[in-house]
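Here are some short exercises to help you find your way around a new structure. Try each task with the viewer open before you read the solution.

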Amino acid sequence: MKIADTRKIMKKMEKTLDPKRYEHTLGVAYTAASLAMCYGVNLEKALVAGLLHDCAKCMSNEKKLEICDKHHLQISDVERQNLYLLHAKVGSYIARKQFRIVDRDILNAILYHTTGRPGMSELEKIIYIADYIEPGRKHAPDLPKVRKLAFQDLNEALLQILEDTLEYLQGIGGTIDPMTKKTYDYYEAYMQIEKRQDD
C-alpha cells in the first residue's frame, strides 16, 4: 500500500520552504533513501520522512507556538524559551493533519529528528543521521568521518553525531535539549554493552 504521494509532497515543500531549506530537504530525503537501502529499511517511508522532516521549519515562531497551544501539543520549558526547537513537534503534527501520514514510525522520525530519543527505530536513526550528513551540509564537525560511519554502523554514527552536537552546543553556550543528553547517555551505555558482548 502506498504511504504517500512523494511527488505531491515535493511540490508542496517547494512552495512552503525557502530555496535553501528545500535543497536541504531533498538532500535529507535522498540520503535517507540511500541509508534505507543500505540497512533494509522501507525506502518509501525514508523518503516521505525525509521530505517532511522540516515542513514546519520556515514557519514563524509565533505560528509554531500558536499551533502547539491550539492543538494541545505539550511544550517543555526549554522549547518555550527557544521556540525554534518546536519545528519538529509542529512538523510531525502537520505531517499527520495536512499530509494524512498515519504511520507512527514516520511521525516519530519527524518528531525526534533534532533531539533523538532513547530506543529509536531504524527509521528514526536514519532521518536523524541523514539530516546531519546530507550533501549540502558543510560545517558540522567530523563530517567525512560521520558520513563514512553512517553506511557502516548506524548506532556508531548516531552516537558520534550526538557527542559532536553536545560538544558544539557546550562550546558556544547554546541551549541543550535534555532529550539530546538523555539520548546520548542511552546510546553510550548501549554501545558499551555491545562492545562487552563482542569481546
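**Exercise 1. Find H72 in this predicted model and decide: is H72 buried or exposed?**

Step 1. Begin with the relative accessible area of H72, which is 70%.

Step 2. Compare that value with the cut-off: exposed means over 50%. H72 is therefore exposed.

Step 3. Now place H72 in the chain: this residue sits in the loop between α4 and α5.

Step 4. Look at the backbone as well. The phi angle of H72 is near 55°, a positive value in a residue other than glycine. Most residues other than glycine have a negative phi.

**Exercise 2. Go to R100 and work out where in the chain R100 lies and what its phi is near.**

Step 1. R100 belongs to the loop between α6 and α7, the latter covering residues 104-111.

Step 2. Its phi is near 55°, which is positive although R100 is not a glycine.

Step 3. With a relative accessible area of 61%, R100 is exposed.

**Exercise 3. Describe the overall build: how many helices and strands does the protein have?**

Step 1. Count the elements: you should arrive at 11 helices and 0 strands. Read from the N terminus, the order is α-α-α-α-α-α-α-α-α-α-α.

Step 2. Consider the dimensions. Along the principal axes, the C-alpha atoms fill a box of roughly 50 × 40 × 30 Å.

Step 3. Check the radius of gyration. For 199 residues, a compact globule would have a value near 16 Å, and the protein agrees with that at 16 Å.

Step 4. Finally, turn to burial: 48% of the 199 residues are buried.

**Exercise 4. How many salt bridges does a search of the whole structure find, and which parts does the pair R21 and D54 tie together?**

Step 1. The search finds 9 salt bridges.

Step 2. One pair to look up is R21 and D54, whose side chains meet with an N to O distance of 2.8 Å. R21 lies in helix α2 (residues 19-39), while D54 is in the loop between α3 (43-52) and α4 (61-70), so the bridge ties together parts that are 33 residues apart in sequence.

Step 3. Compare the surroundings of the two partners. R21 is partly exposed, at 22% relative accessible area, whereas D54 is buried, at 2%.

**Exercise 5. Follow two salt bridges that involve helix α5: where do the partners of R80 and E79 lie?**

Step 1. Take R80 and D69, which form a salt bridge of 3.8 Å, N to O. R80 lies in helix α5 (residues 77-81) and D69 in helix α4, so parts 11 residues apart in sequence are tied together.

Step 2. Check exposure for this pair. R80 is partly exposed with 45% relative accessible area, and D69 is partly exposed with 42%.

Step 3. Move on to E79 and K89, a salt bridge in which the closest N and O atoms are 2.8 Å apart. E79 is in helix α5 and K89 in helix α6 (residues 87-97), which puts the partners 10 residues apart.

Step 4. Both E79 and K89 are buried.

**Exercise 6. Which residues form the positive surface patch that includes R7?**

Step 1. The patch is made up of R7, K11, K12 and K15.

Step 2. Locate R7 in helix α1, which spans residues 6-16.

Step 3. R7 has a relative accessible area of 66%, so this residue is exposed.

Conventions
Residues are numbered from 1 along each chain as its sequence is written. This is a predicted model: local features need pLDDT of at least 70, side-chain atom pairs count only at pLDDT 80 or more; totals for chains, interfaces and linings use all residues. Side-chain values use heavy atoms; hydrogens and water are left out. Patches are made of residues with over 30% relative accessible area and no salt bridge: like charges are joined within 9 Å, nonpolar side chains (Val, Leu, Ile, Met, Phe, Trp, Tyr) within 5 Å. Accessible areas come from the Shrake-Rupley method with a 1.4 Å probe; for residues, only the protein chains shown count as cover. A salt bridge is a side-chain nitrogen of Lys or Arg within 4 Å of a carboxyl oxygen of Asp or Glu. Lys and Arg count as positive and Asp and Glu as negative; His and the chain ends are not counted. The place of a charge is taken as NZ of Lys, CZ of Arg, CG of Asp or CD of Glu. Helices (H or I, at least four residues) and strands (E, at least two) are DSSP runs, numbered from the N terminus. Buried means under 20% relative accessible area, exposed over 50%, partly exposed in between (1.4 Å probe, protein chains only). The radius of gyration is taken over C-alpha atoms; the globule rule is 2.2 Å times the number of residues to the power 0.38.
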